[in-house]
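Visitor: I'd like a close look at one part of this model, a single strand and whatever sits around it. Could you walk me through it slowly?

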Amino acid sequence: MGRVLVRSAMDVRAVVPIRPDFVVAPQAWLISGAPAMAGFNRRFAPSVRDLRAVLPAGAPLQVVHRVFAGRLPADHWYFDPGQGGRLLGEVCHFIDTAGFLVPGRPVGVRAVGVDARDPAAAQSLTLQITYDDGSAASIVYGGLTPPGAPKELLEVATDRVAARIDDFRSLTVWKGGREVTTKYRGGPKGHAAEMHSLVRLVRGEPLGEETAAAADFASALWSSLVACRAARSLTEDGVVGTAPRTPALARALGCAAPGPGAAGAVPKPGGQAAYPVGGSSSTTVAR
C-alpha cells in the first residue's frame, strides 16, 4: 500500500494510504484550487516542444519511443515494492511524452514484459497505447541493455510529416520535401524549464500558451493513470482500458462520471466505448 503527500491551498498536509479505486491527488487538487504539477520533465524539453509545434493540428500520430535504459542491480531502490518498479518509476515518463504529443485521449494500454510479468520486478517492457483519435504509441523500454548505448530515440509519423528526436540532442523533421535538423547543446530534457514554470505557477505569474500546456496537471494525471493501468495489463496479460473509475478523477479529466460496467469509458469517435473498464481498479498518483 503506497502513500502520497498532498498539499492543499490552505497549507494543510495529509499523508493518506492509497487503496484501489481511491485517488487522492485529483480530489485534493479539485477541492483546494491550488496549482499542481507532476515531475514529467520531457514535455518541457526544447526538442519535444519544437516537435509539437510542427505537427499538424489534430492529426492522428504514430509514436515510437525507444529507450535503452540499461540493467539495474537487483538491490536497486526501483525494485522496492513501495516504489512500484521501473514501469511506474520511469516508463511513466515515456508514456507522458507520447501523451503530450498525441491530440487524443488514451483509451487502452497493453504491456508486455520481456523478463517478468511482475510490474515491480520487470526490467524490459513493451507498451502499446491507443487513443480515441486513432493515434497509437509504442514504447520499447530496454532495461537489460549494455552500458554505452544511446538512451532515447523518439520518432513520430503523421500526415506528410515525419520526425525524430535523438537523445534530445537533435530534432530532424521531414516535411514538404525538406529535411531540417535542429541541434540542442547538452541534450536538455526539460528539467530547468520545468522548475522555472513551477516557480511561476506557484507565484501566480502568467504562463505562455505552450508553457501552460506543458504545465497542465490534468494531462499529467492521464499519464499516471495509463502507467497504473499498464502495470495491471502486465500482470493480467491483456489490454486494459484507461477510463477513470472514481468521480474525482473523472471530473479532473473532464470525463463523464463513472458508472457500472463500461459506463464512463472514454468514447471512440462515433460514440462507442473503446474498451470496457469493468474490473479495472488501478490507482493513479501524480509523482
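Along strand S8 (residues 161-166), which side chains point to one face and are buried, and which point to the other and are not?

Guide: One thing up front: this is a predicted model. With that said, the side chains of S8 alternate along the strand. Val 161, Ala 163 and Ile 165 point to one face and are buried. Ala 162, Arg 164 and Asp 166 point to the other face and are not buried.

Now for the neighbors. On one side, S8 pairs with S7 (residues 152-158), and that pairing is antiparallel over 6 bridges. You can pin down the register with two of the buried residues: Val 161 has Thr 158 standing opposite, and Ile 165 faces Leu 154 across the pair. S7 and S8 form a hairpin with 2 residues between the strands. Look at Arg 160 there, which takes a positive phi near 60°. As for cover, S7 is mostly covered, with 5 of its 7 residues buried.

S8 has another partner, S9 (residues 170-175), which runs antiparallel to S8 and is joined by 6 bridges. Here the remaining member of that buried trio gives you the register: Ala 163 stands opposite Val 173. This is a hairpin too, with 3 residues between S8 and S9. The turn holds Asp 167, and its phi is positive at about 50°.

Step back across S7 and the sheet carries on. S7 also pairs with S3 (residues 62-68), in the antiparallel sense over 6 bridges. S3 in turn pairs with S6 (residues 136-142), but in the parallel sense, over 7 bridges. Arg 66 is a handy marker for both of these pairings: its bridge partner in S7 is Leu 153, and its partner in S6 is Val 140.

While you're turning the model, a couple of helices are worth a stop. H6 (residues 217-236) has 20 residues and spans 29 Å from first C-alpha to last, close to the expected 28 Å. H6 is mostly covered, with 16 of its 20 residues buried. Asp 237 follows H6 and has a positive phi, near 60°.

H4 (residues 191-203) is where you'll find Met 195. Together with Leu 198 and Val 202, Met 195 makes a nonpolar patch on the surface, with about 270 Å² of accessible area in total. Residues three or four places apart in an α-helix point the same way, because there are 3.6 residues a turn. Met 195 itself counts as partly exposed, since its relative accessibility is 44%.

Last stop, the cysteines. The disulfide count is 0. Take Cys 92: the closest cysteine sulfur, in Cys 228, is 9.0 Å away from its own, so that's too far for a bond. Cys 92 has a relative accessible area of 8%, so it counts as buried. Cys 255 is buried as well, because its relative accessible area is 17% and the cut-off is under 20%.

Key: Residues are numbered from 1 along each chain as its sequence is written. This is a predicted model: local features need pLDDT of at least 70, side-chain atom pairs count only at pLDDT 80 or more; totals for chains, interfaces and linings use all residues. Side-chain values use heavy atoms; hydrogens and water are left out. Patches are made of residues with over 30% relative accessible area and no salt bridge: like charges are joined within 9 Å, nonpolar side chains (Val, Leu, Ile, Met, Phe, Trp, Tyr) within 5 Å. Accessible areas come from the Shrake-Rupley method with a 1.4 Å probe; for residues, only the protein chains shown count as cover. A salt bridge is a side-chain nitrogen of Lys or Arg within 4 Å of a carboxyl oxygen of Asp or Glu. Helices (H or I, at least four residues) and strands (E, at least two) are DSSP runs, numbered from the N terminus. Buried means under 20% relative accessible area, exposed over 50%, partly exposed in between (1.4 Å probe, protein chains only). Two strands pair if DSSP finds at least two bridges between them. A disulfide is a pair of cysteine sulfur atoms within 2.5 Å. The expected span of a helix is 1.5 Å times one less than its number of residues.
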